[in-house]
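Here is a short note for a first look at this structure. Please keep the sequence and the 3D view open while going through the points.

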Amino acid sequence: MFSKVLVANRGEIAVRVMRACKELGVRTVAVYSDADKHSGHVRYADEAYNIGPARAADSYLDHEAVIEAGEKAGADAIHPGYGFLAENADFAAKVEESEMTWVGPSAAAMERLGEKTKARALMQEADVPVVPGTTEPVESADEVKRVADEYGYPVAIKAEGGGGGRGLKVVYDEAEVEEQLETAQREGEAYFDNASVYVEKYLEAPRHIEVQILADHHDNVRHLGERDCSLQRRHQKVIEEAPSPALGEDLREQIGEAARRGVDAADYTNAGTVEFLVEDGEFYFMEVNTRIQVEHTVTEQVTGIDVVKWQLRVAAGEELGFEQDDVEIEGHSMEFRINAENAANNFAPAPGGKLETYDPPGGFGVRLDDALRQGDDLVTDYDSMIAKLIVTAGDREECLARSERALEEFQIDGFHTIIPFHRLMLTDEKFRAGEHTTDYLDEELDKTRIERAVEKWGPADSEGDSDEGDEEVTERDFTVEVNGKRFEVSLEERGAPAVEVPSGAGGAGGNTRSRPDVAEEDEEEAVAVEGGEQITAEMQGTILSVDVAEGDDVESGDVVCVLEAMKMENDVVAERGGTVAQVLVGEGESVDMGDVLVVLE
Ligand code: MV4
């Protein structure tokens with residue numbers, strides 16, 4: 001085993017990896033940016049190195065800075081976590097060339113599976129069913145039409161380098177082919193430097209099922225069963241579970257074996273995930289993720305196998321210590337992503353704030369993967385996911401009840417989280433029945449139910465967020481005893497001077513990096529400048545789409561563009577109505593926090 005491992009990541013996954021290191025007797029090295037000087041992963045590590053400014057491109061994504069920190073520390077391996085450099089084959093190759101070991105698949109295997117038509121051809125070769133379509137890139141509209149003639153509309157045009165929802169275009173009839181083909185090519189070029197696209201039959205309401213794989217350097221490949229990640233919002237997973245409520249024993253066995261065959265054929269090592277779409281009892285390969293995933297935890301809970309420890313052991317050359325037949329799925333587990341977002345405001349990331357209260361649940365079957373502690377400032381430069389609650393029980397029914405209990409116990413004050421949204425899902429008939437498909441949240445769920453959930457279970461003052469022009473209301477909670485019985489009362493004072501506004505009010509509160517908040521409604525976020533109001537980027541990221549043009553009239557709350565950061569899609573909305581005077585960004589452009597995106601007049 002290694003004696004010292006550098007973890008090239010931050011937040012909960014960095015701590016998760018370090019926890020595994022500790023149990024293996026391995027010393028840990030953290031790296032951090034200027035924004036993370038006081039973050040949990042830095043406190044947890046045995047030693048830590050500053051690798052640059054807050055901007056990810058200048059720190060967590062800086063290949064040389066990370067490798068240099070590893071060399072300075074004398075680390076003998078680098079674990080990338082997920083996101084950041086985890087799926088960067090160039091970086092993996094650089095680590096392979098250094099004195100250190102890359103805790104992940106070889107750079108060559110990452111490349112083989114990173115290009116989607118290559119991966120499709122490889123899987124087909126290994127007898128793994130793929131979505132009907134092309135295994136070669138297509139260049140002309142005629143080729144797209146030929147695929148559609150064969151399998152029927154809709155078809156999906158996908159960027160070769162794609163993943164997540166990026167570079168995916170759906171064509172519902174022949175008239176749209178030209179336009180969607182061009183858009184897919186343009187997005188592929190903008191996001192992945194690769195305009196090459198291919199075509200598949202589009203499945204309209206599939207389930208997203210993925211299989212966890214572990215492979216060693218001694219030709220052993222094991223699968224650890226599937227996870228169901230069908231509950232997604234704009235390609236962001238929110239709740240994941242294992243096993244899938246949608247699979248019978250036969251299909252489960254077939255998918256697991258197919259994943260194992262495919263990975264075996266790719267000459268793959270370390271942990272990986274094979275993603276499938278499942279519809280009408282058929283399953284189709286979609287892509288391979290060559291990293292540890294956020295939701296690996298539910299697999300660990302139902303198999304008892306520590307996936308991160310095996311990543312480290314396999315990278316160190318050890319042989320997998322169990323046979324396929326030893327892998328047994330027991331009970332049921334669900335993961336709830338605790339994102340600092342306001343679900344009632346289009347899941348807008350919290351603008352910042354201090355974690356005034358952090359009182360997580362406990363008891364039988366409750367696991368928390370986190371890094372923040374009470375009193376910490378929220379770091380908003382990267383991902384809005386601050387923790388994961390993982391609930392495990394004997395069966396799905398008990399898991400639902402235990403999850404309701406655990407989420408009710410979970411107390412977080414200082415900013416919005418999506419706990420109210422999770423509590424709503426646990427009352428949702430379709431989710432409880434396990435009948436939801438990947439389009440459920442975006443297409444079917446009534447948004448007013450989310451608003452009501454946030455009012456009911458969100459921060460006490462959350463109604464104030466959207467009530468424009470309301471007089472100040474100060475609310476204080478008291479405990480009183482009447483004839484020996486305890487009562488909690490809250491008193492409201494209207495028109496009072498705003499002294500003790502709890503920091504969850506959407507204001508920047510105690511945050512030292514307070515800045516305009518374009519997502520909340522009654523703040524003076526948009527800085528008035530000559531010629532109008534600026535709408536600025538909340539965080540560093542890439543413009544996914546621009547939804548307005550010069551001269552357009554917009555209303556308060558309208559989406560002007562979509563900004564992607566750390567694979568999260570964030571709506572940038574207009575604060576108030578106006579006419580678009582200037583659009584300063586284009587699709588695929590990278591922007592820094594505070595950059596002006598759109599000017600209104
Ligand atoms: C699809 C699909 C239906 N048919 N491909 C979305 C992310 C990207 N990795 C691929 N995605 C999809 N590809 C075909 N041929 C539906 C999706 C999809 C989806 C997949 C998994 C989970 C959520 C999703 C939400 C929308 C679309």
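1. Start with aspartate 571 and arginine 234. Their side chains meet in a salt bridge, at 2.5 Å from N to O. The pair links distant parts of the chain, 337 residues apart. Aspartate 571 is in strand β28, residues 568-573. Arginine 234 is in the loop between β10 (221-233) and β11 (236-242). Keep in mind that this is a predicted model.

2. How exposed are the two partners? Aspartate 571 has a relative accessible area of 15%, so it is buried. Arginine 234 counts as partly exposed, because its relative accessibility is 22% and the buried class ends under 20%.

3. Next, look at arginine 337 and glutamate 240. They form a salt bridge, and the closest N and O atoms are 2.7 Å apart. Arginine 337 lies in strand β14 and glutamate 240 in strand β11, so the bridge ties together parts that are 97 residues apart in sequence. Arginine 337 counts as buried, at 10% relative accessibility. Glutamate 240 is buried too, with a relative accessible area of 0%.

4. Which residues share a network of salt bridges with Arg337 and Glu240? The linked set is Glu210, Arg227, Lys237, Glu240, Glu295 and Arg337. In the whole structure there are 41 salt bridges.

5. Another of these bridges joins glutamate 187 and lysine 169, at 3.3 Å from N to O. The two residues are 18 apart in sequence, and the pair links distant parts of the chain. Glutamate 187 sits in helix α8, residues 177-192. Lysine 169 sits in strand β7, residues 166-171. Glutamate 187 is buried at 9% relative accessibility. Lysine 169 is buried as well, with a relative accessible area of 18%.

6. Glutamate 279 is a contrasting case. It lies in strand β12, residues 270-279. Which side chain of opposite charge is nearest to this buried residue? It is lysine 201, 7.5 Å away, and glutamate 279 has no salt bridge. The reasoning is short: a salt bridge needs the nitrogen and the carboxyl oxygen within 4 Å.

7. What does the side chain of glutamate 279 reach instead? It reaches the backbone nitrogen of alanine 205, at 3.1 Å. Leaving aside neighbours within four places in sequence, glutamate 279 is in contact with Leu203, Glu204, Ala205 and Pro206.

8. Now the aromatic rings. The count comes to 10 aromatic pairs. In one of them, tyrosine 60 and tyrosine 382 have ring centres 5.3 Å apart and planes at 85°, so the pair is edge-to-face. This pair links distant parts of the chain, 322 residues apart. Tyrosine 60 is in the loop between β3 (47-52) and α3 (63-73). Tyrosine 382 is in the loop between β18 (366-370) and β19. Both tyrosine 60 and tyrosine 382 are buried. Together with Phe84, Tyr60 and Tyr382 form one aromatic cluster.

9. A second edge-to-face pair is formed by tryptophan 310 and phenylalanine 322. The centres are 5.7 Å apart, with 70° between the planes. Tryptophan 310 lies in helix α11 (residues 307-315) and phenylalanine 322 in the loop between α11 and β14 (332-339), so the pair ties together parts that are 12 residues apart in sequence. Both tryptophan 310 and phenylalanine 322 are buried.

10. Two charges over rings deserve a look. The charged end of lysine 22 sits over the ring of tyrosine 44, 4.6 Å from the ring centre. Arginine 402 lies over the face of phenylalanine 364, at 4.4 Å from the ring centre.

11. Finally, turn to glycine 394. Is glycine 394 buried or exposed? Its relative accessibility is 55%, so glycine 394 counts as exposed. It is in the loop between β19 (385-393) and α12 (396-409). Not counting residues up to four places away in sequence, glycine 394 touches Gly331 and His332. Phenylalanine 192 is 202 residues from glycine 394 in sequence, and the two lie 43 Å apart in space, C-alpha to C-alpha.

Notes: Residues are numbered from 1 along each chain as its sequence is written. This is a predicted model: local features need pLDDT of at least 70, side-chain atom pairs count only at pLDDT 80 or more; totals for chains, interfaces and linings use all residues. Side-chain values use heavy atoms; hydrogens and water are left out. Helices (H or I, at least four residues) and strands (E, at least two) are DSSP runs, numbered from the N terminus. Buried means under 20% relative accessible area, exposed over 50%, partly exposed in between (1.4 Å probe, protein chains only). Contact means heavy atoms within 4.5 Å. Lys and Arg count as positive and Asp and Glu as negative; His and the chain ends are not counted. A polar contact is a pair of N or O atoms within 3.5 Å; within protein, one must be able to donate a hydrogen and the other to accept it, and residues adjacent in sequence count only if both atoms are side-chain atoms. Rings of Phe, Tyr and Trp (its six-membered ring) pair if their centres lie within 6.5 Å; planes under 30 degrees apart count as stacked, over 60 as edge-to-face and the rest as tilted. A charge sits over a ring if NZ of Lys or CZ of Arg is within 6 Å of the ring centre and within 35 degrees of the ring normal.
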